[in-house]
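Here's a quick briefing to read with the model open beside you. Keep the viewer handy and click along as you go.

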Amino acid sequence: MAKEREEEVYVGAIDQGTTSSRFIIYDGNANPVASHQVEFTQFYPESGWVEHDPMEILESVRDCMEKALDKATVAGHNVESGLKAIGITNQRETTLVWSKSTGDPLYNAIVWMDVRTSSICRRLEESLPGGRTHFTETTGLPVSTYFSALKLIWLLENVDAVKAAAQSGDALFGTVDTWLIWNLTGGVHKGVHVTDCSNASRTMLMDLATLTWHAPTLETLKIPPSLLPRIISNAELIGRIAKGWPLVGTPIAGCLGDQHAATLGQACKPGEAKSTYGTGAFILINTGLSPKHSKHGLLSTIAYKLGPNKPSSYALEGSIAIAGAAVQWLRDGLGLIKTASEIEGLAELAGEEGAGGVYFVPAFGGLLAPWWRDDARGVLVGMTRATSKAHIARAVLESMCFQVRDVVEAMRADAGEGEGFVLRVDGGATVNNLLMQLQADLLGSPVLRPADIETTALGAAYAAGLATGVWTEDDIFTSGNKASNDTVFNPRVCEEERDRRFKSWHKAVEKSFDLADLA
């Protein structure tokens, strides 16, 4: 991607995740030159509920922008004069409602993994002619606690302030991208109320074919259209940063949900797949220029749309709720490790016997793709008197890999991918070499880890750079498989052993079903 430039050129990326916010500054060759990350609080008011403070999210983003800019300046980069645009990527589905007149949140943000809407899901499944899949043909999504529409219904039914503001016309709805953009572009002073098509595709309210809000769905769910933001592409001039923020006047020119940003950051073309390992794990395969509906428990969604007049690329996705979060549970819940990075060394102590017949199914709030069982709960099976904490650590790592294989098997069935399949990986957990080798072993396909594993932020920067002429699509997609310092993990386990363990995993998964009433 190297270009001859007479001036310093930079593109920034706001990466707002489930547990932290980051701001990364890239140079004109898409190399990171400075970054800063800030963690924020997760609240658990009741069992299965997960919330964020919307104002804390804003302050974390502001702090990251200021400190990353300071770091870049100290390193000799004149970012303020050379910054062409900023892109945004964010945790998807997390739902907010706020006052148009005051800018104040009317409730905490309800996080994507929150399952408080289970009873609403059951109500809809029983009352809708199509049951759980009633909206799938149009939106690509089943009725699930996962998606924003269900969280918005809960807010409208259970929070008086939201109900009153919706009735008076003072309420605005959005996912985190919408909340950030509205505030960054002025808030109550003519802030821009938009969402991009990738985030909109995760609400269960957007028509995948037209990329517009689907009026019959809104009517069925009794959601007022006046609450909703305007849907835009992933790469276009959205607005400019307003006074009161760092980098005033800088264009915001890109926006994608985190998994779509990673798909772009990995430069996935049709037939290519990536898996991001974070709090959860999310596998997307680019299926081309038309929506493809799954028959094996996957979601139909947008991959990316790189400009208002550009064609839409679509994807199939398998979403896994608990991946890295299981490592956090070992650390914070059980105290088996002090830091997340310790799990690799602990799991290696198990030696050649691996997990010793132990299987862990991290269904803390149910299972997402391809099972879609919100009645499932976590199980740890196969223990004997000889089971040690090393075996449990190994089983936790293997649980991520088995879940990814479940999704990839569904993708192969739906999209016909087989020989030559390579899984591109990214996200913080991929620094764990044991995890990556286990993934290759249990998947039976090569796993490719790029030199820069933070491809989510890179995808947001790419989108903003595309919209402002910093890069072209050819720059991005011809460099997608570029780096000689990428790492490839090849399978070392024979097919017979791999399949035996996969069958045992499914036996453990079945034991996690129908356990929600135990609580």
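What follows is a short tour of one sheet, two helices that pack on it, and three buried residues.

Keep in mind that this is a predicted model. The sheet has six strands, is open, and mixes its pairing directions. Helices H1 and H7 both touch that sheet, and they also meet each other. After that come Asp 258, Thr 263 and Arg 405, each of which counts as buried.

**The sheet**

- Reading across the sheet, the strand order is E3-E2-E1-E5-E14-E13.
- Why do E3 and E13 each have one side without a neighbour in the sheet? Strand E3 (32-39) and strand E13 (235-240) sit at the edges with a single partner strand apiece, so one side of each is left unpaired.
- From one strand to the next, the twist averages 25°.
- Strands E1 (residues 10-16) and E2 (residues 20-27) run antiparallel, and seven bridges link them.
- If you want a spot to zoom in on, try Asp 15, which stands opposite Arg 22 in E2.

**Helices on the sheet**

- H1 packs against the sheet by touching E1, E2, E3 and strand E5 (83-90).
- The direction of H1 makes about 150° with that of E3.
- H7, for its part, lies across E1, E5, E13 and strand E14 (251-257).
- Relative to E5, H7 runs at about 145°.

**Where H1 meets H7**

- H1 covers residues 54-74 and H7 covers residues 176-184; their axes come within 11 Å and cross at roughly 65°.
- The crossing of H1 past H7 is right-handed.
- On the H1 side, the residues involved are Pro 54, Met 55, Ile 57, Leu 58, Val 61 and Met 65. Their counterparts in H7 are Trp 179, Leu 180, Asn 183 and Leu 184.
- Sorted by class, this H1 and H7 contact has nine nonpolar residues, one polar residue and no charged ones.

**Asp 258 and Thr 263, both in helix H10**

- Asp 258 is in helix H10, and so is Thr 263, with the helix running over residues 258-265.
- Buried or exposed: which is Asp 258? With a relative accessible area of 14%, Asp 258 falls under the 20% cut-off, so it counts as buried.
- The side chain of Asp 258 makes a polar contact of 3.3 Å with the side chain of Arg 92, and another of 3.3 Å with that of Gln 259.
- Not counting neighbours within four places in sequence, Asp 258 touches Thr 89, Asn 90, Gln 91, Arg 92 and Thr 456.
- Thr 263 is buried too, at a relative accessible area of 1%.
- Skipping the neighbours within four places in sequence, the contacts of Thr 263 are Cys 268, Lys 274, Leu 284 and Tyr 304.
- For a sense of distance, the C-alpha atoms of Thr 263 and Val 33 are 22 Å apart, with the two positions 230 residues apart along the chain.

**Arg 405 in helix H13**

- Arg 405 sits in helix H13, which spans residues 389-415.
- Its relative accessibility is 7%, so Arg 405 counts as buried.
- What does the side chain of Arg 405 reach? At 3.2 Å, it meets the backbone oxygen of Leu 442.
- Beyond the neighbours within four places in sequence, Arg 405 is in contact with Gln 439, Leu 442, Leu 443, Arg 498, Asp 499 and Phe 502.

Conventions. Residues numbered from 1 in each chain as written. Predicted model: local features only at pLDDT ≥ 70, side-chain atom pairs only at ≥ 80, totals over all residues. Heavy atoms only, no water. Axes fitted to C-alpha atoms, helices over the stretch in contact; angles between N-to-C directions. Helix = DSSP H or I, 4+ residues; strand = E, 2+ residues; numbered from the N terminus. Left-handed = near helix turned anticlockwise from the far one by under 90°. Contact = heavy atoms within 4.5 Å. Nonpolar A, V, L, I, M, F, W, Y, C, P; charged D, E, K, R; others polar. Pairing = 2+ DSSP bridges. Buried < 20%, exposed > 50% of the residue type's maximum accessible area, 1.4 Å probe, protein only. Polar contact = N/O pair within 3.5 Å; in protein donor to acceptor, adjacent residues only side chain to side chain.
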